[in-house]
Amino acid sequence: RQRRRHGLPEDLQVAPLTPWAGGPGCLKERVRYVAVDAWKKQGADYNDTANAPSNVQVVNLRATIDLLAPFWSAVQIVQQPSLSAARLFEPGSLHFVYIDARHDYASVLA
């Protein structure tokens, strides 16, 4: 019996993740890294433990910058919601996209 996950359809298909040898760091300068996040507290309508206060989000942003430092010449930071940020890129211009955005039902379906 399939379980419903966070109100998502029971027949939702999710591709399994397969790690590649060396991970993303092995690509170094051959790719660009775009980090997209609001890095600020979302509205009161978003009730999630990930919706941390803005001062915590600043710490998260700094930690992200520190982690990306070895690749800095290929990094772009975009401080916007993912739907707004998506409009900044031409279709087909990104080879891989990882989205870790709001976790509520309406946002996931957007």
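Q: How sure is the predictor about this chain, going by average pLDDT?
A: The protein chain averages a pLDDT of 77, and 71% of the residues score at least 70. pLDDT is the predictor's confidence in each residue, from 0 to 100. This is a predicted model, where local features need pLDDT of at least 70, side-chain atom pairs count only at pLDDT 80 or more, and totals for chains, interfaces and linings use all residues. Residues are numbered from 1 along each chain as its sequence is written, and side-chain values use heavy atoms, with hydrogens and water left out.

Q: OK, new topic: which residues make up the largest nonpolar core?
A: Eight residues: Tyr33, Ala35, Trp39, Leu61, Leu68, Phe71, Ala74 and Val75. A core here is a set of buried Ala, Val, Leu, Ile, Met, Phe, Trp, Tyr and Cys residues joined through side-chain atoms within 4.5 Å.

Q: And what does Trp39 touch?
A: Beyond neighbours within four places in sequence, Trp39 is in contact (heavy atoms within 4.5 Å) with Gln57, Asn60, Leu61, Thr64, Ile77, Val78 and Gln79.

Q: Is Gln57 buried or exposed?
A: Gln57 counts as buried because its relative accessibility is 7%. Buried means under 20% relative accessible area, exposed over 50%, and partly exposed in between (1.4 Å probe, protein chains only).

Q: What else does Gln57 touch?
A: Not counting residues up to four places away in sequence, Gln57 touches Trp39, Lys40, Lys41, Ala50, Asn51 and Ala52.

Q: How far is Gln57 from Ala38?
A: Their C-alpha atoms are separated by 8.6 Å, with the two residues 19 apart along the chain.

Q: Why does Trp72 count as partly exposed?
A: Because its relative accessibility is 43%.
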